[in-house]
Amino acid sequence: MSTRIAFLKGHGTENDFVIVPDPENAIDLPPAAVAALCDRRAGIGGDGLLHVVRSAAHPEARAMAAEAEWFMDYRNGDGSVAEMCGNGVRVFARYLQRAGHVAEGDLAVATRGGVKTVHIAKNGDITVGMGRARLPEGEVTVGVGERSWPARNVNMGNPHAVAFVEDLTHAGDLLAPPRFSPASAYPDGVNVEFVVDRGPGHVALRVHERGAGETRSCGTGACAVAVATARRDGADPAVTGTPATYTVDVPGGTLVITERPDGEIEMTGPAVIVAEGEIDAEWLETAVR
């Protein structure tokens, strides 16, 4: 391992990430290393880590290499592997643009949740095709403290439980994962969104992301919330033939989510690179021990 490793720091609606460019998949990033880098006091700090690898160089992405040159090897802040991160895809695309790998327009990004279509607009916003939502059957309940709420089970390539509440403060401090039942609904844990109405086609959320705690934003969570809200409002684009669009306020900004009649969901929002530098490999090796 070289003595220094390049990194960048970026965020999408304040969902922030350590970015490690590694086209040939030459850098070993075990969970402990990822957790050390994402530590906000002893490391660089981030809700997660974006490991930028060519699809052909990564065993989990080789089958997608013909469709997407680049693979987003995404890790949660605790070092665990995740299927997808909507805000992360936008920041990933912004890095590829900054590095000169792509230009404005359309591109494809491979993720563990499949290949995602991305559009980098001239105004700076980035739209990500997030795929289709699955709505598993069965009742789900989430709770914080003495309160509990029915929740909508929405899968965006990763699992979500969406609960509509009277006040976002009812979600508590979200330091610990909200409880949920039945346990069989989410054997690998779940992202939990608490949602309030702001007006027609306009909601706000707070979210506890599994493996990260409360974050300032969650792209897949915003999509799950838009789908759950549309169904609550009696709107199903597959039935009506009309797209359903919701503005979703997150603590770190605003995202616009559209569900099309074919079931595809598009998320539009900003992505910013704020810094770049070098990681001391000796420090990283020490931190992992």
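Here are legends for three close-up views of a predicted model.

**View 1. His 58, a buried loop residue.** His 58 sits in the loop that links strand S3 (48-54) with strand S4 (70-76). Its relative accessibility is just 6%, so His 58 counts as buried, the cut-off being under 20%. Look for the His 58 side chain reaching the backbone nitrogen of Glu 60, at 3.1 Å. Skip residues up to four places away in sequence, and His 58 still touches Asn 25, Val 53, Phe 71, Asp 73 and Arg 112.

**View 2. Glu 24, an exposed loop residue that meets Arg 54.** This one is in the loop between strand S2 (15-21) and helix H1 (31-38). Glu 24 has a relative accessible area of 52% and is therefore exposed, as that takes over 50%. Side chain to side chain, Glu 24 makes a polar contact with Arg 54 at 3.3 Å. Setting aside neighbours within four places in sequence, Glu 24 is in contact with Arg 54 and Ala 57. For a sense of scale, the C-alpha atoms of Glu 24 and Val 144 are 44 Å apart, with 120 residues separating the two in sequence.

**View 3. Asp 233, between two helices.** Here the loop runs between helix H3 (219-232) and helix H4 (237-240), and Asp 233 lies in it. With 43% relative accessibility, Asp 233 counts as partly exposed. The side chains of Asp 233 and Arg 232 make a polar contact at 3.0 Å. Gly 124 is 109 residues from Asp 233 in sequence, and their C-alpha atoms are 31 Å apart in space.

Methods
Residues are numbered from 1 along each chain as its sequence is written. This is a predicted model: local features need pLDDT of at least 70, side-chain atom pairs count only at pLDDT 80 or more; totals for chains, interfaces and linings use all residues. Side-chain values use heavy atoms; hydrogens and water are left out. Helices (H or I, at least four residues) and strands (E, at least two) are DSSP runs, numbered from the N terminus. Buried means under 20% relative accessible area, exposed over 50%, partly exposed in between (1.4 Å probe, protein chains only). A polar contact is a pair of N or O atoms within 3.5 Å; within protein, one must be able to donate a hydrogen and the other to accept it, and residues adjacent in sequence count only if both atoms are side-chain atoms. Contact means heavy atoms within 4.5 Å.
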